[in-house]
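Hi,

Here is the structure I promised to pass on. Have a look at it first, and my notes on what turned up follow below.

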Amino acid sequence: MPIIFITGYGDVPMTVRAMKAGAVEFLTKPFGDDVLLSAIRNAIERSHTALDQEAETRALQDRYALLSRREREVMGSVVSGLMNKQVGGKLGISEITVKAHRGKVMRKMEAHSLADLVTMAARLRLSPAPKG
(Lines give C-alpha, C1' and ligand atoms only; values in the text may rest on other atoms or scores of the structure.)
Protein backbone atom coordinates (compact mmCIF):
# COMPACT_ATOMS: atom_id res chain seq x y z
CA MET A 1 0.00 0.00 0.00
CA PRO A 2 1.64 3.25 -1.10
CA ILE A 3 1.74 6.00 1.51
CA ILE A 4 1.67 9.72 0.77
CA PHE A 5 2.87 11.70 3.77
CA ILE A 6 1.24 15.11 4.14
CA THR A 7 2.28 17.62 6.79
CA GLY A 8 1.80 21.27 7.64
CA TYR A 9 5.48 21.53 8.48
CA GLY A 10 8.36 19.33 7.63
CA ASP A 11 12.07 19.21 7.83
CA VAL A 12 14.75 17.04 6.28
CA PRO A 13 14.98 14.51 9.15
CA MET A 14 11.19 14.05 9.13
CA THR A 15 11.22 13.57 5.36
CA VAL A 16 14.00 11.00 5.62
CA ARG A 17 12.15 9.06 8.34
CA ALA A 18 8.92 9.08 6.32
CA MET A 19 10.67 7.83 3.16
CA LYS A 20 12.56 5.13 5.08
CA ALA A 21 9.24 4.03 6.59
CA GLY A 22 7.82 3.52 3.11
CA ALA A 23 6.26 6.82 2.06
CA VAL A 24 6.27 7.22 -1.72
CA GLU A 25 5.71 10.96 -1.50
CA PHE A 26 6.21 13.69 1.12
CA LEU A 27 4.06 16.76 0.62
CA THR A 28 4.26 19.94 2.68
CA LYS A 29 1.21 22.18 2.87
CA PRO A 30 0.16 24.27 1.11
CA PHE A 31 0.13 22.46 -2.22
CA GLY A 32 -2.18 22.53 -5.20
CA ASP A 33 -4.76 19.93 -6.14
CA ASP A 34 -2.68 19.01 -9.18
CA VAL A 35 0.29 18.12 -6.94
CA LEU A 36 -1.84 15.83 -4.77
CA LEU A 37 -3.54 14.21 -7.77
CA SER A 38 -0.19 13.62 -9.43
CA ALA A 39 1.17 12.04 -6.23
CA ILE A 40 -1.88 9.77 -6.00
CA ARG A 41 -1.57 8.74 -9.66
CA ASN A 42 2.12 7.94 -9.22
CA ALA A 43 1.43 5.97 -6.04
CA ILE A 44 -1.30 3.92 -7.73
CA GLU A 45 0.95 3.26 -10.73
CA ARG A 46 3.79 2.08 -8.46
CA SER A 47 1.36 -0.14 -6.56
CA HIS A 48 0.08 -1.74 -9.78
CA THR A 49 3.64 -2.35 -10.96
CA ALA A 50 4.60 -3.97 -7.64
CA LEU A 51 1.47 -6.17 -7.66
CA ASP A 52 2.14 -7.25 -11.25
CA GLN A 53 5.72 -8.17 -10.40
CA GLU A 54 4.57 -10.15 -7.36
CA ALA A 55 2.05 -12.06 -9.49
CA GLU A 56 4.71 -12.85 -12.10
CA THR A 57 7.11 -14.07 -9.43
CA ARG A 58 4.41 -16.27 -7.86
CA ALA A 59 3.61 -17.79 -11.28
CA LEU A 60 7.31 -18.42 -11.85
CA GLN A 61 7.63 -20.09 -8.43
CA ASP A 62 4.59 -22.25 -9.22
CA ARG A 63 6.14 -23.39 -12.51
CA TYR A 64 9.47 -24.11 -10.79
CA ALA A 65 7.63 -26.22 -8.20
CA LEU A 66 6.40 -28.46 -11.04
CA LEU A 67 9.96 -29.47 -11.95
CA SER A 68 11.26 -32.83 -10.77
CA ARG A 69 14.40 -32.96 -8.64
CA ARG A 70 16.46 -34.00 -11.68
CA GLU A 71 14.97 -31.23 -13.82
CA ARG A 72 15.95 -28.71 -11.14
CA GLU A 73 19.48 -30.10 -11.11
CA VAL A 74 19.68 -29.84 -14.91
CA MET A 75 18.24 -26.31 -14.86
CA GLY A 76 20.72 -25.18 -12.21
CA SER A 77 23.65 -26.59 -14.14
CA VAL A 78 22.50 -25.23 -17.50
CA VAL A 79 21.87 -21.70 -16.23
CA SER A 80 25.28 -21.71 -14.56
CA GLY A 81 26.80 -22.06 -18.03
CA LEU A 82 27.57 -25.77 -18.32
CA MET A 83 27.20 -27.49 -21.69
CA ASN A 84 24.90 -30.53 -21.99
CA LYS A 85 27.90 -32.88 -22.04
CA GLN A 86 29.31 -31.28 -18.87
CA VAL A 87 25.91 -31.49 -17.14
CA GLY A 88 25.69 -35.17 -18.06
CA GLY A 89 29.16 -35.85 -16.67
CA LYS A 90 28.40 -33.96 -13.47
CA LEU A 91 25.07 -35.71 -12.89
CA GLY A 92 26.15 -39.13 -14.18
CA ILE A 93 23.62 -39.23 -17.02
CA SER A 94 23.95 -39.25 -20.80
CA GLU A 95 23.95 -36.12 -22.91
CA ILE A 96 20.74 -37.33 -24.60
CA THR A 97 19.06 -37.60 -21.17
CA VAL A 98 20.26 -34.10 -20.31
CA LYS A 99 18.71 -32.81 -23.55
CA ALA A 100 15.41 -34.51 -22.68
CA HIS A 101 15.37 -32.99 -19.18
CA ARG A 102 16.40 -29.62 -20.55
CA GLY A 103 13.51 -29.71 -23.03
CA LYS A 104 11.07 -30.53 -20.22
CA VAL A 105 12.49 -27.69 -18.14
CA MET A 106 12.07 -25.25 -21.02
CA ARG A 107 8.45 -26.32 -21.56
CA LYS A 108 7.46 -26.38 -17.89
CA MET A 109 9.12 -23.03 -17.19
CA GLU A 110 7.66 -21.59 -20.41
CA ALA A 111 11.10 -20.32 -21.41
CA HIS A 112 11.60 -19.39 -25.06
CA SER A 113 15.39 -19.37 -24.88
CA LEU A 114 18.31 -20.10 -22.59
CA ALA A 115 18.47 -16.37 -21.85
CA ASP A 116 14.83 -16.53 -20.64
CA LEU A 117 15.70 -19.46 -18.39
CA VAL A 118 18.72 -17.63 -16.94
CA THR A 119 16.52 -14.58 -16.25
CA MET A 120 13.95 -16.80 -14.54
CA ALA A 121 16.62 -18.43 -12.38
CA ALA A 122 17.83 -14.97 -11.35
CA ARG A 123 14.30 -13.86 -10.47
CA LEU A 124 13.86 -17.03 -8.43
CA ARG A 125 17.21 -16.27 -6.76
CA LEU A 126 18.46 -19.77 -7.49
CA SER A 127 22.01 -20.24 -6.36
CA PRO A 128 24.23 -21.19 -9.29
CA ALA A 129 25.25 -24.81 -9.49
CA PRO A 130 28.97 -25.29 -8.90
CA LYS A 131 30.82 -25.90 -12.16
CA GLY A 132 32.71 -29.08 -12.76
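R69, R70 and E73 are joined in a network of salt bridges, a salt bridge being a side-chain nitrogen of Lys or Arg within 4 Å of a carboxyl oxygen of Asp or Glu. Within that network, the side chains of E73 and R69 meet at 2.8 Å, N to O. Both residues sit in helix α3, four residues apart, or about one turn of the helix. The general rule fits here: an α-helix has 3.6 residues a turn, so residues three or four places apart point the same way. E73 is partly exposed, with a relative accessible area of 27%, while R69 is exposed at 58%. (Buried means under 20% relative accessible area, exposed over 50%, and partly exposed in between, with a 1.4 Å probe and protein chains only.)

Before you read on, a word on where this comes from. This is a predicted model, in which local features need pLDDT of at least 70 and side-chain atom pairs count only at pLDDT 80 or more, while totals for chains, interfaces and linings use all residues. Residues are numbered from 1 along each chain as its sequence is written, and side-chain values use heavy atoms, with hydrogens and water left out. Helices (H or I, at least four residues) and strands (E, at least two) are DSSP runs, numbered from the N terminus.

Back to the salt bridges. The structure holds six of them, and two more are worth pointing out. R123 pairs with E56, with the closest N and O atoms 3.4 Å apart. That pair links distant parts of the chain, as R123 is in helix α6 and E56 in helix α2, 67 residues apart. R123 is partly exposed at 34% relative accessibility, and E56 is partly exposed too, at 45%.

The other one is between the side chains of E110 and R63 (3.9 Å, N to O). E110 lies in the loop between α5 and α6 and R63 in helix α2, so this pair ties together parts that are 47 residues apart in sequence. E110 is exposed, at 51% relative accessible area, whereas R63 counts as buried at 18%.

Now for the inside. Which residues have the most contacts within the largest nonpolar core? They are Y64, L67, M75, V105, M109, L117 and M120, in a core of 13 residues. (A nonpolar core is a set of buried Ala, Val, Leu, Ile, Met, Phe, Trp, Tyr and Cys residues joined through side-chain atoms within 4.5 Å.) The elements giving two or more residues to this core are α2 (33-65), α3 (69-79), α5 (95-109) and α6 (114-123). Take L117: leaving aside neighbours within four places in sequence, L117 is in contact (heavy atoms within 4.5 Å) with M75, V79, V105, M106, M109 and A111. There is also a second, separate core of seven residues, including V74, V78, I93 and V98.

I93, from that second core, is in the loop between α4 (84-91) and α5 and is buried, at 19% relative accessibility. Not counting residues up to four places away in sequence, I93 touches R70, G88, V98 and H101.

Helix α3 deserves a closer look. Its buried residues are E71, V74, M75, G76, S77, V78 and V79, and they pack against α2, α4, α5 and α6. How do α3 and α5 cross, and within what distance do their axes come? The two axes come within 9 Å and cross at roughly 90° (axes are lines fitted to C-alpha atoms, for helices over the stretch in contact, and angles run from 0 to 180 degrees between N-to-C directions). That makes α3 roughly perpendicular to α5, a label that covers 65 to 115 degrees. From α3, the contact is made by R70, E71, V74, M75 and V78, and from α5 by V98, H101, R102, K104, V105, K108 and M109. After the helix comes G81, whose phi is positive, near 105°.

One last spot, at the other end of the chain numbering: T7, in strand β1 (residues 3-7). T7 is buried, at 9% relative accessibility. Setting aside residues up to four places away in sequence, T7 touches M14, F26, L27, T28 and K29.

Cheers

Methods:
Parallel < 35°, antiparallel > 145°, perpendicular 65-115°, else oblique.
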